[in-house]
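Please open the model in your viewer and keep the selection panel at hand. The tour below moves from one selection to the next and says what is to be found at each stop.

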Amino acid sequence: MSIQVTNLTKVYGAQRAIDGISFTLRPGEIVGFLGPNGAGKSTTMKILTGYLKASSGSAQVADFDVAEQPMPARRSIGYLPEHNPLYLDMYVREFLQFSGKLYGLSGDSLKSRVDEMVRMCGLESEKHKKIGQLSKGYRQRVGLAQSFLHDPSVLILDEPTTGLDPNQILEIRDLIRTAGKNKTVLFSTHIMQEVEALCDRVIIINKGKVVSDSSLQTLRESG
Ligand code: ADP
Ligand code: ADP
């Protein structure tokens, strides 16, 4: 399995943000993680990426237990947080080079990887600008380029299209499709159309529990 979540629970004070969640993603699947605001999507994703400790249960990514082996797990993951802290004063290329170094890339391989990501993410025209000068759509592309840099086998994308205009949404979807080829992708959204446009399967979460996990076809047939 590329992702295996077993009975995961996270409690904040008196509140159960997630409450006994289990699901799996096989290699190569693109799965939507659908639910309203506050359902527990970000919490689950932060645990999967090792940024948050679960209260109980386990999370495995690329066969690494995230709590026990956070570093190899993280190297397998491209994570786009919902509120991605980009360095607004850095130039696009400079930022991507800086990010690549954090993943241990260097020298010519870093440079060529950054060039490849700039091309793939449609950032050619923006590469000499500072991130602070970019539109929201382009900033999101920088965030995606950053998450793809180390060629991870698993992409965990938290609401990648939220707050974008319809045109930008289409562009980001295309990019996720391109970048997600032969990778396992879990992406969260509160919009069903997003799932229909991209996914094989949808896991629906509400109030910290998985309420449905099925292929899109099954979901359509059941109305
Ligand atoms: P979603 O990503 O689906 O919008 P979240 O995972 O962000 O949901 O939040 C799930 C629930 O946990 C919400 O009720 C939210 O207010 C709560 N929550 C999230 N982070 C914290 C935190 N650091 N402290 C307390 N409650 C939190
Ligand atoms: P995200 O869903 O990406 O975490 P939010 O805007 O929901 O973004 O939360 C921003 C920050 O505030 C996060 O670190 C989150 O854990 C925290 N947070 C969210 N909800 C609550 C809450 N009810 N109480 C305390 N902290 C919260």
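How do the residues of the shell around ligand 2 divide into nonpolar, polar and charged? In this predicted model, that shell holds no nonpolar residues, two polar ones and two charged ones.

**First stop: ligand 2**

Select ligand 2 together with Ser 42, Lys 46, Glu 82 and His 83, which are the residues around it. A polar side-chain atom of Lys 46 lies 2.6 Å from an oxygen atom of the ligand, and a polar side-chain atom of Glu 82 is found 3.0 Å from an oxygen atom of ligand 2. Turning to His 83, you will find an N or O atom of its side chain 3.2 Å from an oxygen atom of ligand 2. Of the 530 Å² of accessible area that ligand 2 has on its own, the protein covers 29%.

**Second stop: ligand 1**

Keep Ser 42 selected, since this residue is listed around ligand 2 and is also among those that surround ligand 1. Now add the rest of the ligand 1 surroundings, namely Tyr 12, Gln 15, Ala 17, Pro 36, Asn 37, Gly 38, Ala 39, Gly 40, Lys 41 and Thr 43. By class, this shell has four nonpolar, six polar and one charged residues.

Zoom in on the oxygen atoms of ligand 1, where a polar side-chain atom of Gln 15 lies at 2.8 Å from one oxygen atom. Backbone N or O atoms also approach oxygen atoms of this ligand, with one from Gly 38 at 2.7 Å and one from Gly 40 at 2.9 Å. The protein covers 64% of the 560 Å² of accessible area that ligand 1 has on its own.

Which element gives the largest share of the shell around ligand 1? Helix 1 does, with three residues, while strand 2 and helix 1 each supply at least two.

**Third stop: helix 1 and the four-stranded sheet**

Select helix 1, residues 41–48, and follow it across strand 1, strand 2 and strand 4 (56–61), noting that it runs at about 60° to strand 2. The open sheet to which these strands belong has four strands in the order 2-1-4-5, with antiparallel pairing. Strand 2 (15–25) and strand 5 (64–65) stand at the edges with a single partner strand each, so one side of each is left without a neighbour in the sheet.

Next, display strand 1 (residues 3–12) against strand 2, to which eight bridges join it in an antiparallel arrangement. Within this pair, Val 5 stands opposite Phe 23, and Lys 10 stands opposite Ile 18. The hairpin of the two strands has two residues between them, and Gly 13 takes a positive phi near 55° there.

**Fourth stop: the six-stranded sheet**

Move on to the open sheet of six strands, whose order is 6-7-8-3-9-10 and whose pairing is mixed. Its edges are strand 6 (77–80) and strand 10 (209–215), and each has a single partner strand, so one side of each is left without a neighbour in the sheet. From one strand to the next, the twist averages 15°.

At the strand 10 edge, select strand 9 (residues 201–206), which runs antiparallel to strand 10 and is joined to it by six bridges; here Ile 205 stands opposite Val 210. At the strand 6 edge, finish with helix 5 (residues 136–148), which lies across strand 6 and strand 7 (154–158) and runs at about 160° to strand 6.

Terms used
Residues are numbered from 1 along each chain as its sequence is written. Chains are lettered from A and ligands numbered from 1 in the order in which they are written. This is a predicted model: local features need pLDDT of at least 70, side-chain atom pairs count only at pLDDT 80 or more; totals for chains, interfaces and linings use all residues. Side-chain values use heavy atoms; hydrogens and water are left out. Two strands pair if DSSP finds at least two bridges between them. Contact means heavy atoms within 4.5 Å. Axes are lines fitted to C-alpha atoms, for helices over the stretch in contact, and angles run from 0 to 180 degrees between N-to-C directions. A residue is near a molecule or strand if one of its heavy atoms lies within 4 Å of it. A polar contact is a pair of N or O atoms within 3.5 Å; within protein, one must be able to donate a hydrogen and the other to accept it, and residues adjacent in sequence count only if both atoms are side-chain atoms. Accessible areas come from the Shrake-Rupley method with a 1.4 Å probe; for residues, only the protein chains shown count as cover. Ala, Val, Leu, Ile, Met, Phe, Trp, Tyr, Cys and Pro count as nonpolar, Asp, Glu, Lys and Arg as charged, and the others, Gly among them, as polar.
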